[in-house]
Amino acid sequence: MKFQSAYREIVSRINLEYVLLLVMLASSAYMIWESYNFSISAAATFPRLTAGFVLIGTVLLLFRPYLPEPLYSFVAESADLIDVDDQQMGGDESNDVEQEEDEIERSDESNEVSTVGRPIHDAVFTSGAALGYGVLAYAMGIMWASPVFVLMYGIWFKLSWQTILLLIVLSLAVCFGFYEALNLRVDVGNIVFTEGVF
């Protein structure tokens with residue numbers, strides 16, 4: 001239990017949301033920078049657009065306390081598609097009591113270290129897994145790093161083996177689609193499979 005108490009102390013001092021946002025910011029900036037090394041300029045459009053949207057969204061979330069009111073409302077407040085007042089729907093005090101009980105249950109769950117009973121927060125794992133995926137994709141190619149990432153992510157969140165295998169096949173199919181349709185060498189790594197597999 002010493003590890004969990006020390007871990008909780010560290011996590012209470014660090015805002016995990018900002019850590020995740022900084023990882024996303026660094027990843028998207030690297031994607032934009034690396035897209036200028038593509039030999040086919042048309043193939044760089046999709047990564048640039050995707051990384052650009054992630055970069056802009058991340059910057060907005062990082063600096064949301066300093067944004068002017070209309071932009072702050074757009075970035076920080078949750079978007080409810082249907083905003084219904086309880087009084088309009090004939091809600092009574094029993095609904096209010098149930099909502100308060102749900103909020104108490106959710107706050108108790110948020111005090112847990114992980115939603116699946118792991119020793120570290122899920123956000124820390126997700127950040128580390130995303131960083132590891134980037135390093136592994138650089139080393140051995142996106143096509144081969146994707147199944148490893150899906151496997152680790154599925155095991156962490158205790159998905160069924162059927163779901164994990166389906167997601168691995170899907171990740172390979174998406175990578176193969178990029179390889180075939182856009183002629184992107186996603187099977188090439190910089191350390192392993194330097195000549196590619198196909």
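**Exercise 1. Overall fold**

Among contacts in the protein chain between residues at least 6 apart in sequence, what percentage join residues at least 24 apart? Describe also the secondary structure and the extent of burial.

Solution.
- Step 1. The share is 55%, counted among contacts between residues at least 6 apart in sequence. The model is a predicted one.
- Step 2. The protein chain contains eight helices and zero strands. Read from the N terminus, the order of elements is α-α-α-α-α-α-α-α.
- Step 3. The chain has 198 residues, and 22% of them count as buried.

**Exercise 2. The largest pocket**

Find the volume of the largest pocket, and state which elements and residue classes make up its lining.

Solution.
- Step 1. Rolling a probe the size of a water molecule over the atoms reveals where empty space remains.
- Step 2. The largest pocket holds about 1,800 Å³ of space.
- Step 3. Its lining consists of 43 residues, and those nearest the centre are Tyr30, Met31, Tyr133, Ala137 and Ile142.
- Step 4. Two or more lining residues come from each of helix 2 (16–35), helix 3 (45–62), helix 6 (122–140), helix 7 (142–156) and helix 8. Helix 2 gives the largest share, ten residues.
- Step 5. Sorted by class, the lining has 27 nonpolar, 14 polar and two charged residues.

**Exercise 3. Ser28 in helix 2**

Is Ser28 buried or exposed, and which residues does Ser28 touch beyond four places in sequence?

Solution.
- Step 1. Ser28 is located in helix 2.
- Step 2. The relative accessible area of Ser28 is 2%, so this serine is buried.
- Step 3. With residues up to four places away in sequence set aside, Ser28 touches Ala51, Val54 and Leu55.

**Exercise 4. Ile164 and Gly154**

Describe the surroundings of Ile164 and of Gly154, beginning with the place of each in the fold.

Solution.
- Step 1. Ile164 belongs to helix 8 (residues 161–181), whereas Gly154 belongs to helix 7.
- Step 2. Ile164 has a relative accessible area of 1% and is therefore buried. Gly154, at 2% relative accessibility, is buried too.
- Step 3. Not counting residues up to four places away in sequence, Ile164 touches Val150, Leu151, Gly154, Ile155 and Leu159. With its own neighbours within four places left aside, Gly154 is in contact with Leu159 and Ile164.
- Step 4. For Ile164 and Leu151, the C-alpha to C-alpha distance is 6.3 Å and the separation in sequence is 13 residues. For Gly154 and Ile168, the corresponding values are 9.6 Å and 14 residues.

**Exercise 5. Positive phi outside glycine**

Where do Lys158 and Phe193 lie, and how accessible are Lys158 and Phe193?

Solution.
- Step 1. Most residues other than glycine have a negative phi.
- Step 2. Lys158, which is not a glycine, has a positive phi of about 55°. Phe193 also has a positive phi, near 55°.
- Step 3. Lys158 sits in the loop between helix 7 and helix 8. Phe193 sits in the segment after helix 8.
- Step 4. The cut-off for exposed is over 50% relative accessible area. Lys158 has a relative accessibility of 52% and so counts as exposed. Phe193 has 36% and so counts as partly exposed.

**Exercise 6. The largest nonpolar core**

Which residues make up the largest nonpolar core, and which residues does Cys175 touch beyond four places in sequence?

Solution.
- Step 1. In soluble globular proteins, nonpolar side chains tend to be buried together.
- Step 2. The largest nonpolar core has six residues: Ala43, Met143, Cys175, Tyr179, Leu184 and Val186.
- Step 3. Leaving out residues up to four places away in sequence, Cys175 touches Ile142, Met143, Ser146 and Val186.

**Exercise 7. Salt bridges**

How many salt bridges does a search of the whole structure find, and which side chains meet in a salt bridge?

Solution.
- Step 1. The search finds one salt bridge.
- Step 2. Arg185 and Asp187 form a salt bridge through their side chains, at 3.1 Å from N to O.
- Step 3. Arg185 has a relative accessible area of 41%, so the arginine is partly exposed. Asp187 stands at 0% relative accessibility, so the aspartate counts as buried.

Terms used
Residues numbered from 1 in each chain as written. Predicted model: local features only at pLDDT ≥ 70, side-chain atom pairs only at ≥ 80, totals over all residues. Heavy atoms only, no water. Helix = DSSP H or I, 4+ residues; strand = E, 2+ residues; numbered from the N terminus. Buried < 20%, exposed > 50% of the residue type's maximum accessible area, 1.4 Å probe, protein only. Contact = heavy atoms within 4.5 Å. 1 Å grid on protein atoms, 1.4 Å probe; cavity = no way out; pocket = protein on both sides within 12 Å on 5 of 7 lines; lining within 4 Å. Points joined across faces, edges and corners; volume = space filled by probe spheres on them. Nonpolar A, V, L, I, M, F, W, Y, C, P; charged D, E, K, R; others polar. Core = buried A, V, L, I, M, F, W, Y, C linked by side-chain atoms within 4.5 Å. Salt bridge = Lys/Arg side-chain N within 4 Å of Asp/Glu carboxyl O.
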